[in-house]
Amino acid sequence: MNAPTLLNWLEKDSPRSALWRSDQVLPKHVVLADDTMTADTAYRLACAGTGLLWRSDFQNARQLLQALARRIDKPKKVRLKKQDPDAPVIPGAAFHAHRQAQAQRTRILSQVLIELNADYGTDLRRAPDAKQACLQAFGPSNGQASVVSLRSLQGAIGAFEWRKKGVEVPAMGEALCIYPHYGVFSPVRGEYVALVANAPWPEAIKTHPVAFDIGVGTGVLSAVLARRGASQVIGTDLSDSSLACALDNLQRLGLQNQVQLLQTDLFPEGQAAVVVCNPPWLPARPTTLLEQAVYDEGSQMLKGFLTGLAPHLCEGGEGWLILSDLAEHLGLRSRETLLGWIADAGLQVVDRMDVKPVHAKAQDVTDPLHAARSAEVTSLWRLIPAS
């Protein structure tokens, strides 16, 4: 096991340290911050990679975070450069610039730090009781104080609330409620769930009623497959958090005896009549735990699923690949490339079901990627071994 990362700082001329609970880079330096620090000073320090360990009113720390966000998001004067008509077009340039800006924004805002006691409590005035939220997010405390970014703490509190009330996912004519855990991607985009709920069953499911759910996440697709009539569903994932989340949801739905969960990379042993995979849609490097559900560097999971699919299909079985074409609109991957990977894996497409996303970003004209998002289509590709 890796040794825990410690954050070190000086306070009242004495060295202090605490566990670092963040998937962000450890700050280069740490200074104590309180209500006397101006937002401009905080912004300058945060931009330089200095952690601001807050020692005053909790609600004022929230206000400081908002002030930093306003400074980051303030429109900047851009000196227009004369365009060279012969300059090569860089695929995905707009996306990569957006990702770079996002990463910079996250890095700056993550410099506002909160110290948590051994029981996940905090001594700051007007601080919310986040003990249960932290317990669910970070697991049982080992009895040591820790430091977390205020943004991560807010994320843990938000996940705690989502886990209490759940996310309603309409499927099969009745509401399917899923309770996402901290660090596990929530099925807020229900269009891909509807695709799995409505895709025609292959005839093989009658004689071999087994389905695989590759990358189980919250367990929502395993639940849909089980409710549709697959007598045995095997869901796989490498993430401890995802497997725990899926088990919780399946138990709530009374499907824990119908769905088996395995911690493995991609496929379990054996064959199935339906093998479903909803891989991360964008070929880019994730920078946080949650981003691993969105970004897949080098399309490794997508290519791994396609390459290994055929041997895991029973006679007459199908692979259902759920994939957005957003990467194509962003210039990150072409349709020809995807079809080439399918053919190289010894597969052929028998059908494709398409649906337009209805999420808010597709309608947000201020989004730098609006043109791509507004054109996005989510598809379920029905794949079989090539004849």
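In what sense do β4 and β5 pair, and over how many bridges? In this predicted model, the two strands are parallel and are joined by two bridges. Within that pairing, Leu-53 of β4 has Leu-113 of β5 as its bridge partner. Strand β4 (residues 50-54) also pairs with β3 (residues 29-33), again in the parallel sense, through five bridges. Here Leu-32 is matched with Leu-53 of β4. The connection from β3 to β4 passes through helix α1 (residues 39-47), and the three elements form a right-handed β-α-β unit.

Strand β4 is mostly covered, with five of its five residues buried. The burial concerns both faces: Thr-50, Leu-52 and Trp-54 lie on one side, and Gly-51 and Leu-53 on the other.

These strands belong to an open sheet of six strands, ordered β1-β2-β6-β5-β4-β3, in which the pairing is mixed. Strands β1 (6-11) and β3 occupy the edges; each has a single partner strand, so one side of each lacks a neighbour in the sheet. From one strand to the next, the twist averages 40°. At the β1 edge, β1 and β2 (residues 14-20) run antiparallel and are connected by six bridges, with Trp-9 opposite Arg-16 of β2. Helix α5 packs on the sheet, where it touches β5 and β6, and its direction makes an angle of about 85° with that of β6.

Helix α5 comprises 16 residues (150-165); at 1.5 Å a residue the expected span is 22 Å, and the 23 Å between its end C-alpha atoms agrees with this value. The buried residues of the helix are Leu-150, Ser-152, Leu-153, Ala-156, Ala-159, Phe-160 and Arg-163. In an α-helix there are 3.6 residues a turn, so positions three or four places apart point the same way. The cover over the buried residues of α5 includes α2 (58-73), β5 (112-116), α4 (131-138), β6 (146-149) and α8 (240-252). Directly after the helix, Gly-166 adopts a positive phi of about 75°.

The largest nonpolar core contains 32 residues, of which Val-196, Leu-221, Leu-225, Val-276, Trp-320 and Leu-380 touch the most other members. Two or more residues of this core come from each of β7 (167-171), β8 (174-178), α6 (191-198), α7 (220-228), β12 (272-277) and β13 (313-324). The most is given by α7, which provides six residues. Beyond its neighbours within four places in sequence, Leu-225 is in contact with Val-196, Trp-201, Ala-211, Phe-212, Asp-213, Ala-230, Val-233, Val-274, Val-276 and Trp-320. Another core, of 28 residues, lies apart from this one and has Ala-39, Leu-45, Ala-130 and Leu-150 among its members.

Positive phi values also occur in two loop residues other than glycine, Lys-12 and Ser-299. Lys-12, with phi of about 55°, is located in the loop between β1 and β2. Ser-299, with phi near 55°, lies in the loop between β12 and α9 (300-309). The surroundings of the two residues can be set side by side. Lys-12 is exposed, with a relative accessible area of 79%, whereas Ser-299 has a relative accessibility of 4% and therefore counts as buried.

Definitions and conventions. Residues are numbered from 1 along each chain as its sequence is written. This is a predicted model: local features need pLDDT of at least 70, side-chain atom pairs count only at pLDDT 80 or more; totals for chains, interfaces and linings use all residues. Side-chain values use heavy atoms; hydrogens and water are left out. Helices (H or I, at least four residues) and strands (E, at least two) are DSSP runs, numbered from the N terminus. The expected span of a helix is 1.5 Å times one less than its number of residues. Buried means under 20% relative accessible area, exposed over 50%, partly exposed in between (1.4 Å probe, protein chains only). Contact means heavy atoms within 4.5 Å. Two strands pair if DSSP finds at least two bridges between them. A crossover is right-handed if, with the strands pointing away from the viewer, the path from the first strand over the helix to the second runs clockwise. A nonpolar core is a set of buried Ala, Val, Leu, Ile, Met, Phe, Trp, Tyr and Cys residues joined through side-chain atoms within 4.5 Å. Axes are lines fitted to C-alpha atoms, for helices over the stretch in contact, and angles run from 0 to 180 degrees between N-to-C directions.
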